[in-house]
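Please look over the sequence and the fold below before reading on. The paragraphs that follow lead from one strand outward to its sheet, and then to the helices.

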Amino acid sequence: MNHFHKFETPEEAAHACAATILASLKEAIALSGKASVAFSGGSTPRMMFEYMAKQDFDWSCVHIFWVDERCVPLDHADSNYRMTKESLLDHIQVGGVHRIQGELPPKDAAAQYRNELNQFFEGRPSFNVVHLGMGADAHTASLFPGLKEIDDFSGTAANVWVEKLGKDRITLLPKSILDAERIVVLAAGKDKAEPLQKVVTSDYNPLELPIQFVHRSGASVEWYLDQAAAASLPDSK
């Protein structure tokens, strides 16, 4: 089930997405005493994190993971962990931080993260919330068009070689994303309009439009879009 929420600006979309995530985490804590969330990186999520950091919310029972990571040191400008730390983690007291060790060789980083996930969840990951973005090529996480890992519904996380970037990435695999209780997608900018329209209206082909596996198979997917990103959606959406 997909729900599309449209806002005038990227800031409004980011703040609304943040509010949904915090509400979901609060509900999970009330039910089980702890909560888990996997965050993505990017410029729009920074606005979301900065908003979260200012809210009156008790993070002490929340465990934070990452959807994907660049293979760089943790203090590198491209590090998703670094961005999250600067905009959120440095301002809250969180229950647990489970980062992807991007400074390790890619295969070792992926193996470490799989072990981290297995230990915390005592088996397959089942996040309370997974937060995703979408690229102008319809990639999500670090699952870019053409990667065979898009069809891997048995693994939890993997290192992938992204040919168009000439770089390694570490990423959650589809089932780890789809098994979340709630998936939220935050996307902003006019470069997202055409790919999002294709994701919604085209025949199912996630090897070409990776985020289609979320749109078509996610049990509960909330899309937070600014006006530019939502511009080409069918009127009924």
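Which residue stands opposite Glu-222 in S10? The residue opposite Glu-222 of S10 is Val-184. This is a predicted model, in which local features need pLDDT of at least 70 and side-chain atom pairs count only at pLDDT 80 or more, while totals for chains, interfaces and linings use all residues. Residues are numbered from 1 along each chain as its sequence is written, and side-chain values use heavy atoms, with hydrogens and water left out.

Helices (H or I, at least four residues) and strands (E, at least two) are DSSP runs numbered from the N terminus, and two strands pair if DSSP finds at least two bridges between them. With these terms in hand, strand S10 (residues 221-226) can be placed: strand S9 (residues 182-187) runs parallel to S10 and is joined to it by five bridges, whereas strand S1 (residues 2-7) pairs with S10 in the parallel sense over six bridges, with Asn-2 opposite Val-221. Six of the six residues of S10 are buried, where buried means under 20% relative accessible area, exposed over 50%, and partly exposed in between (1.4 Å probe, protein chains only). In a regular strand the side chains alternate between the two faces of the sheet. In S10, Val-221, Trp-223 and Leu-225 lie on one side and Glu-222, Tyr-224 and Asp-226 on the other, and both faces are covered.

The wider setting is an open sheet of seven strands with parallel pairing, in the order S1-S10-S9-S6-S2-S3-S5. S1 and strand S5 (96-97) each have a single partner strand, so one side of each of these edge strands is left without a neighbour in the sheet. Further in, strand S6 (residues 129-132) runs parallel to S9 over four bridges, and Leu-132 stands opposite Val-185 in S9.

Helix H1 (residues 10-32) has 23 residues and reaches 33 Å from its first C-alpha to its last, close to the 33 Å expected at 1.5 Å a residue, the expected span being 1.5 Å times one less than the number of residues. H1 lies across S1, strand S2 (35-39), strand S3 (62-66), S6, S9 and S10, running at about 165° to S9; axes here are lines fitted to C-alpha atoms, for helices over the stretch in contact, and angles run from 0 to 180 degrees between N-to-C directions. Contact means heavy atoms within 4.5 Å. Among the buried residues of H1 are Ala-14, Cys-17, Ile-21 and Leu-25, and just after this helix Gly-33 takes a positive phi of about 90°.

A second open sheet has three strands in the order S4-S8-S7, with antiparallel pairing. Its edge strands are S4 (68-70) and S7 (157-162), each pairing on one side only, and the twist averages 25° from one strand to the next. S7 and strand S8 (residues 167-172) run antiparallel over six bridges, with Thr-171 of S8 as the bridge partner of Ala-158. Helix H4 (residues 106-121) packs on this sheet, touching S7 and S8, its direction making about 155° with that of S7; H4 also lies across S2 and S3, running at about 155° to S3.

Finally, helix H2 (residues 43-53) and helix H3 (residues 80-87) pack at an angle of about 35°, with their axes 8 Å apart. Their contact involves residues including Phe-49 of H2 and Met-83 of H3.
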